[in-house]
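Hi,

Here is the structure I promised to pass on. Have a look at it first, and then read my notes below.

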Amino acid sequence: MFSLLLRLIAGFAAGSVSCFFLPVRLPFHFPEFIMGLALFPGRSFLGMFFFTVSFLLHASLLKEAVMNAWKLLKKEGNIVHSIVSFCVILNFSLLAQIGIWQTAGLACFSAVYGLTSYFLHRQQLKRAH
């Protein structure tokens with residue numbers, strides 16, 4: 001339970017820092033975006049680093065939320081643990097208030113990676129039996 005809360009807080013903090021370091025200006029022009037990355041390499045590196053940390057933390061939280069939902073359907077899970085793991089959706093909605101486009105990218109990467117790792121985990125369990 002403590003690790004879930006720690007991952008939620010750390011994921012939100014890293015996501016908000018990445019939204020700050022990787023700003024998206026509208027209307028979006030790709031050459032301006034690349035020029036900003038090239039002119040400010042320290043800021044770009046920090047933004048990408050925190051984005052990666054945030055997406056890995058959110059992916060593990062999404063994987064855990066799906067696993068807890070599956071356990072609840074089989075009436076084996078803990079309801080409090082499941083509620084805390086589903087707070088990842090609240091995390092995404094709070095991050096969307098800071099930067100909608102950065103959060104959309106973060107949510108897409110996290111969902112793909114988290115659900116892929118969940119399905120790989122299930123396949124490994126099936127092979128073990």
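Does H3 pass H6 in a left-handed or a right-handed crossing? The crossing is right-handed. Bear in mind throughout that this is a predicted model.

Some more on that pair: the axes of H3 and H6 (residues 100-128) come within 7 Å of each other, and the crossing angle is roughly 50°. Angles from 35 up to 65 degrees count as oblique, so H3 and H6 are oblique to each other. As for what sits in the contact of H3 with H6, there are 14 nonpolar residues, eight polar and two charged.

H3 (residues 41-73) also packs against H5 (residues 88-98), here at an angle of about 145° and with the axes 10 Å apart. From the H3 side come His-58, Leu-61 and Leu-62, and they meet Val-88, Asn-91, Phe-92 and Leu-95 of H5. That contact has five nonpolar residues, two polar and no charged ones.

Now for the core. The largest nonpolar core has eleven residues: Leu-4, Leu-8, Phe-51, Phe-55, Leu-61, Leu-62, Val-84, Val-88, Phe-92, Leu-95 and Leu-106. H1 (2-21), H3 and H5 each put in at least two of them, with the largest share, four residues, coming from H3.

One residue to click on is Leu-106, a member of that core. Setting aside neighbours within four places in sequence, Leu-106 is in contact with Phe-51, Ser-54, Phe-55, His-58, Phe-92 and Leu-95.

Cheers

Technical notes: Residues numbered from 1 in each chain as written. Predicted model: local features only at pLDDT ≥ 70, side-chain atom pairs only at ≥ 80, totals over all residues. Heavy atoms only, no water. Axes fitted to C-alpha atoms, helices over the stretch in contact; angles between N-to-C directions. Helix = DSSP H or I, 4+ residues; strand = E, 2+ residues; numbered from the N terminus. Contact = heavy atoms within 4.5 Å. Nonpolar A, V, L, I, M, F, W, Y, C, P; charged D, E, K, R; others polar. Parallel < 35°, antiparallel > 145°, perpendicular 65-115°, else oblique. Left-handed = near helix turned anticlockwise from the far one by under 90°. Core = buried A, V, L, I, M, F, W, Y, C linked by side-chain atoms within 4.5 Å. Buried < 20%, exposed > 50% of the residue type's maximum accessible area, 1.4 Å probe, protein only.
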